[in-house]
Amino acid sequence: MVGCIIGVTEKGKYITASGVKPGDKLILTKSAGIEGTAILASDREQQLAKILDSEMLDNAKKFYSQISVVKDALIAFKTGGVHAMHDPTEGEF
């Protein structure tokens, strides 16, 4: 499967990682490992079921619902003080 997504916005109404500057403060809006936990719990469910109880494994799989950073990014953008953003699930910038 292949996909292509293109976002369109007004000039100046978006922020990329390229605006990062020395001395910037880093704000992590969610816990590290949310996506990795969800992926491992789903992809390696049989192996993990041997060492984790079913409730813990089910909770880990539910982390998929917490991955999106869209709401966090919109709130940050609206503050007006942010000049760089990066979604760590996208890899290096």
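Which element gives the largest share of the lining of the largest pocket? The legends below take up this question and then turn to single residues.

**Figure 1. The lining of the largest pocket in a predicted model of the protein chain.** The largest share of this lining comes from H4, which supplies six residues. The pocket has a volume of about 1400 Å³. Two elements give two or more residues to its lining, namely helix H1 (34-43) and helix H4 (70-79). In total, 39 residues line the largest pocket, and those nearest its centre are Ala84, Met85, His86, Asp87 and Pro88. Sorted by class, the lining holds 21 nonpolar residues, 10 polar residues and eight charged residues.

**Figure 2. The protein chain as a whole, with four helices and zero strands.** Read from the N terminus, the elements follow the order α-α-α-α. The C-alpha trace spans about 50 × 35 × 20 Å along its principal axes. The radius of gyration of the protein chain is 17 Å, whereas a compact globule of 93 residues would have a value near 12 Å. Of the 93 residues in the chain, 9% are buried. The accessible surface amounts to about 8100 Å², and carbon and sulfur atoms account for 58% of that surface. Among contacts with a separation of 6 or more, 64% join residues that are 24 or more positions apart.

**Figure 3. Helix H4 and the glycine that comes just after it.** Does H4 lie largely in the open or largely buried, and why? H4 has 10 residues and the number of them that are buried is zero, so this helix lies largely in the open. H4 also gives six residues to the lining of the largest pocket. Just after the helix, Gly80 adopts a positive phi of about 85 degrees.

**Figure 4. Val82 in the segment after H4.** With a relative accessible area of 27%, Val82 is partly exposed, because the partly exposed class runs between 20% and 50%. Apart from its neighbours within four places in sequence, Val82 is in contact with Ile15 and Ala76. Arg44 is 38 residues from Val82 along the chain, and the C-alpha atoms of the two are separated by 38 Å.

**Figure 5. Leu57 in helix H3, residues 54-61.** Is Leu57 buried or exposed? Leu57 is buried, because its relative accessible area is 5% and buried means under 20%. When residues up to four places away in sequence are not counted, Leu57 touches Ala41, Glu45, Leu48, Ala49 and Leu52. Pro22 is 35 residues from Leu57 in sequence, and the two are 40 Å apart in space, C-alpha to C-alpha.

**Figure 6. Glu45 in helix H2, residues 45-48.** Glu45 is partly exposed, with a relative accessible area of 32%, whereas Leu57 is buried. Leaving out residues up to four places away in sequence, Glu45 touches Leu40, Leu57 and Lys61. The contact with Leu57 links this view to the previous one, since Glu45 is listed among the residues that Leu57 touches. Ala17 lies 28 residues from Glu45 along the chain, and their C-alpha atoms are separated by 34 Å.

Definitions and conventions
Residues are numbered from 1 along each chain as its sequence is written. This is a predicted model: local features need pLDDT of at least 70, side-chain atom pairs count only at pLDDT 80 or more; totals for chains, interfaces and linings use all residues. Side-chain values use heavy atoms; hydrogens and water are left out. On a 1 Å grid over the protein atoms alone, a cavity is a set of points where a 1.4 Å probe fits but cannot get out, and a pocket is an open set with protein on both sides within 12 Å along at least five of seven lines; lining residues have an atom within 4 Å of a point. Grid points are joined across faces, edges and corners, and a volume is the space filled by probe spheres set on the points. Ala, Val, Leu, Ile, Met, Phe, Trp, Tyr, Cys and Pro count as nonpolar, Asp, Glu, Lys and Arg as charged, and the others, Gly among them, as polar. The radius of gyration is taken over C-alpha atoms; the globule rule is 2.2 Å times the number of residues to the power 0.38. Buried means under 20% relative accessible area, exposed over 50%, partly exposed in between (1.4 Å probe, protein chains only). Contact means heavy atoms within 4.5 Å. Accessible areas come from the Shrake-Rupley method with a 1.4 Å probe; for residues, only the protein chains shown count as cover.
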